Amino acid sequence: MNILIVGGSGFLGNALCLFLKKKKIKTYTLSRTKLINKNHIKCDISNRAILKEKLSKLNVNFDFAINLSGQENSDKQKMKKVIIDGNKNLINYFKNKKTTILLMSSILVYSSSKKILSEKGKILSKNYYSFLKIEAENLIKKKCKNFNIFRVGNIYDSSFK
């Protein structure tokens, strides 16, 4: 099994890589920043041509592409490029492949609440970040055959930054 982890240098990506390594599952990581292992691709997913070039060079059939990218950012344009353009580019690259795309979204698409949230809850964009996550989910639903969407709560690094 081959898994691509987009946003692999982040807190969750690092933890997922370690977990999958223990299970002896081959992982490749992709991120804009530092190189973290021998199977790492340094690439901005919002650049369609470079993403295609770098993934094609690997010549790997991925079973899963797990997209952990697109954290909240004060730079709205940059956030939109990563969340919307990045997802469009991943969808385009994998559209004729058997790869299942796993999109890490956010429970913020339900707005904030002190109640226990249900997937049947009303989708409501309360801020720009949740609006973009809803748009990314809609892109995946509309353009992909093989996908899953995970809406997770806030995830922090080990020092709660």
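What follows is a chat between a visitor and a guide about a predicted model.

Visitor: To get my bearings, what pattern of helices and strands does the protein follow along the sequence?
Guide: We're looking at a predicted model. The protein has four helices and six strands. Read from start to end, they come in the pattern β-α-β-β-α-β-α-β-α-β.

Visitor: In what order do the six strands sit in the sheet?
Guide: Let's build it up from the pairings. β1 pairs with β2 (residues 26–31) over five bridges, and with β4 (residues 64–67) over four bridges. From there, four bridges join β4 to β5 (residues 100–106), and six bridges join β5 to β6. With β3 included, the sheet is open, its pairing is parallel, and the order is β3-β2-β1-β4-β5-β6.

Visitor: Which strands stand at the edges of that sheet?
Guide: An edge strand here has a single partner strand, so one side of it is left without a neighbour in the sheet. That describes β3 (40–42) and β6 (147–152).

Visitor: By how much are neighbouring strands of this sheet turned against each other on average?
Guide: The sheet in question is the open one with parallel pairing. Ignoring direction, the average turn between its neighbouring strands is 20°.

Visitor: If I start from Ile5 and step across, which residue in β5 do I reach as the bridge partner of Ile66?
Guide: Ile5 stands opposite Thr29 in β2, and it also stands opposite Ile66 in β4. So much for the starting point; Ile66 then has a bridge partner in β5, namely Leu102.

Visitor: And which residue does Leu103 stand opposite in β6?
Guide: β5 and β6 run parallel. The residue opposite Leu103 is Ile149.

Visitor: How many residues of β1 are buried?
Guide: Take its two faces in turn. Asn2, Leu4 and Val6 are buried on one side, and Ile3 and Ile5 are buried on the other. The strand is largely enclosed by the rest of the structure, because the buried count is five of the five.

Visitor: How many residues of β5 are buried?
Guide: Thr100, Leu102, Met104 and Ser106 point one way from β5, while Ile101, Leu103 and Ser105 point the other way, and all are buried. That leaves β5 mostly covered, with a buried count of seven of its seven residues.

Visitor: Which handedness does the β-α-β unit of β4, α3 and β5 have?
Guide: There's another such unit to look at as well: β1, helix α1 (residues 11–22) and β2 make a right-handed one. The unit built from β4, α3 and β5 is right-handed.

Visitor: What angle does the direction of α1 make with that of β1?
Guide: α1 packs on the sheet and touches β1, β2, β4 and β5. Its direction makes an angle with that of β1 of about 165°.

Visitor: Where is the kink in α3 centred?
Guide: α3 (residues 76–94) lies across β1, β4 and β5. Its 19 residues reach 26 Å from first C-alpha to last, close to the 27 Å expected at 1.5 Å a residue. There is still a kink of about 30°, and it is centred on Gly86.

Visitor: What do the buried residues of α3 pack against?
Guide: The buried residues of α3 include Met79, Val82, Ile83, Gly86, Leu90 and Phe94. Between them, the buried residues of this helix pack against β1, α2 (48–58), β4, β5 and α4 (128–143).

Visitor: Is Lys24 buried or exposed?
Guide: Lys24 lies in the loop between α1 and β2. Its phi is near 60°, a positive value in a residue other than glycine. Most residues other than glycine have a negative phi. The cut-off for exposed is over 50% relative accessible area, and with 75%, Lys24 is exposed.

Visitor: What relative accessibility does Asn59 have?
Guide: Asn59 is not a glycine, yet it has a positive phi of about 55°. You'll find Asn59 in the loop between α2 and β4. Asn59 counts as exposed, with a relative accessibility of 71%.

Visitor: Last one: among contacts between residues at least 6 apart in sequence, what share join residues at least 24 apart?
Guide: For the protein as a whole, buried residues make up 40% of the 161 residues. Of the contacts you mention, the share joining residues at least 24 apart is 63%.

Key
Residues are numbered from 1 along each chain as its sequence is written. This is a predicted model: local features need pLDDT of at least 70, side-chain atom pairs count only at pLDDT 80 or more; totals for chains, interfaces and linings use all residues. Side-chain values use heavy atoms; hydrogens and water are left out. Buried means under 20% relative accessible area, exposed over 50%, partly exposed in between (1.4 Å probe, protein chains only). Helices (H or I, at least four residues) and strands (E, at least two) are DSSP runs, numbered from the N terminus. Two strands pair if DSSP finds at least two bridges between them. A crossover is right-handed if, with the strands pointing away from the viewer, the path from the first strand over the helix to the second runs clockwise. Axes are lines fitted to C-alpha atoms, for helices over the stretch in contact, and angles run from 0 to 180 degrees between N-to-C directions. Contact means heavy atoms within 4.5 Å. The expected span of a helix is 1.5 Å times one less than its number of residues. The bend at a residue is the angle between axes fitted to the seven residues ending there and the seven starting there.
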